[in-house]
Amino acid sequence: MTVAASYTDRSFPTTVKLGNGQIFKGSSLYRGNPTNQLLLAYGNKSAGSQRLSRFCIRGSLDPKLVHGKIVFCERGINGRTEKGEIVKMAGGAGMLLINSENQGEELFADPHILPASSLGASAGEIIKSYLLSEKKPTASISFKGTMYGNPAPVMAAFSSRGPSIVGPDVIKPDLTAPGVNIMAAWPPITSPSLLKNDKRRVLFNIISGTSMSCPHVSGIAALIKSVHKDWSPAAIKSAYVSDNKGAPIADFGSDNSENADPFALGSGHVNPESASDPGLVYDITTEDYLNYLCSLKFTTSQIALLSRGNFTCPEKALLQAGDLNYPSISVLFNINAQNATLTYQRTVTDVGIPESAYAVEVEEPKGVSVTVTPRSLKFDKLGQKLSYKVTFVSYETQSVAGVSKFGSLIWVSGKYRVRSPIAVTWQ
């Protein structure tokens with residue numbers, strides 16, 4: 001599975017107060033006492049003569065200029081906790097770690113070795129303007145510990161987005177899971193900051209990354225397998241596809257603070273309870289995957305490397321990459337194609353109630369009509385498989401390639417809402 005990373009409701013907030021009374025919210029794992037109102041130092045004006053002193057890299061800060069001050073450090077070139085170590089070695093009393101414009105407002109909680117706080121790009125611009133215009137700019141940092149109740153989930157800006165360059169016929173990622181500020185086991189021989197001079201040792205650390213969201217999904221997959229021992233990996237993957245009934249998920253990686261789309265969060269945020277009882281699943285066999293490779297024009301010898309045996313692509317069958325029985329649907333149109341039509345097929349398996357009927361609900365992507373045939377599915381027994389076709393017609397052309405619009409297809413029956421995101425991209 002491809003797994004995106006999102007915020008939980010846990011945060012480690014700080015308060016940064018300037019000498020003019022302005023207050024900003026930041027983030028840090030530093031757990032010491034708050035600082036007093038101290039002078040600020042930044043760049044070659046008050047921190048060092050080198051051009052790179054604004055990044056607080058090794059050898060760039062002048063101890064005579066930063067001693068006893070809070071140093072304004074921009075992210076980039078070296079590590080976040082390493083910047084704090086360099087400030088401390090130069091005699092600095094604290095650090096404000098500032099995001100670049102590209103890094104936006106996403107805040108990391110780091111185990112700094114001195115009083116320090118990360119701040120978003122917008123706060124950084126205001127503080128920079130203040131310290132460059134004042135003769136004696138000052139600031140203080142206070143630490144609020146652990147707090148809960150923040151809006152969540154929210155997509156992390158660092159989380160890799162779709163579409164997939166090598167496989168645009170499949171939506172990337174598959175789903176999202178908690179991946180920011182996660183309490184994770186930590187080797188006791190390594191400092192929490194990864195700095196050699198940091199002598200602190202912990203059994204747990206706060207870590208962020210898709211390396212944190214993937215273990216959540218792996219563990220839930222193991223739970224699903226323990227309940228449904230006969231399910232294939234593809235069935236387990238599709239079981240995660242459930243309707244997100246909460247508010248739309250925000251996206252720190254969006255330029256204009258829009259809600260997250262399927263190229264950011266896939267089918268939605270993982271839900272272990274609904275995944276264990278999804279109602280319907282989309283299963284994929286080994287032959288289906290090999291036929292998918294045939295549709296991508298892989299040669300017989302190339303496919304044999306994966307199949308570990310002889311496999312011949314069907315000669316007469318019209319293979320479409322979009323027919324892979326995936327629980328999401330990616331549609332690719334030419335930018336100049338008006339009234340272009342594509343039809344894909346999907347097959348669902350009843351794993352919910354023996355006798356059940358599902359009706360389809362469709363949210364059409366802008367500029368595309370979507371027709372589902374049939375519009376209802378009636379199952380007589382568990383394990384029964386039924387197929388449906390989805391026809392997409394593009395009634396708009398696009399002036400530039402790479403434009404994407406999004407929608408969804410949901411099969412509804414009682415408590416079950418089996419949702420497939422739709423992504424239409426004009427190439």
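Which residue in β3 is the bridge partner of K17? In this predicted model, the partner of K17 is I23. The bridge belongs to an antiparallel pairing between strand β2, residues 13–18, and strand β3, residues 23–27. Five bridges hold this pairing in the assignment. The two strands make a hairpin with four residues between them, and G21 there has a positive phi near 95°.

Further along the chain is a second antiparallel pair, made of strand β21 (residues 403–413) and strand β22 (residues 416–426). Here the pairing runs over 11 bridges. To locate the register, take S404, which stands opposite T425 in β22.

Strands β21 and β22 also have a place in a wider arrangement. They are members of an open sheet of five strands, whose order is β15-β22-β21-β17-β19. Pairing within this sheet is mixed. At its edges are β15 (329–333) and β19 (376–379), each of which pairs on one side only. From one strand to the next, the twist averages 20°.

The last stop is on the surface. M183 lies in strand β11, which covers residues 182–185. Is M183 buried or exposed? Its relative accessibility is 57%, and because exposed means over 50%, M183 counts as exposed. M183 joins L203 and F204 in a nonpolar surface patch. Together, M183, L203 and F204 have about 370 Å² of accessible area.

Methods: Residues are numbered from 1 along each chain as its sequence is written. This is a predicted model: local features need pLDDT of at least 70, side-chain atom pairs count only at pLDDT 80 or more; totals for chains, interfaces and linings use all residues. Side-chain values use heavy atoms; hydrogens and water are left out. Patches are made of residues with over 30% relative accessible area and no salt bridge: like charges are joined within 9 Å, nonpolar side chains (Val, Leu, Ile, Met, Phe, Trp, Tyr) within 5 Å. Accessible areas come from the Shrake-Rupley method with a 1.4 Å probe; for residues, only the protein chains shown count as cover. A salt bridge is a side-chain nitrogen of Lys or Arg within 4 Å of a carboxyl oxygen of Asp or Glu. Buried means under 20% relative accessible area, exposed over 50%, partly exposed in between (1.4 Å probe, protein chains only). Two strands pair if DSSP finds at least two bridges between them. Axes are lines fitted to C-alpha atoms, for helices over the stretch in contact, and angles run from 0 to 180 degrees between N-to-C directions.
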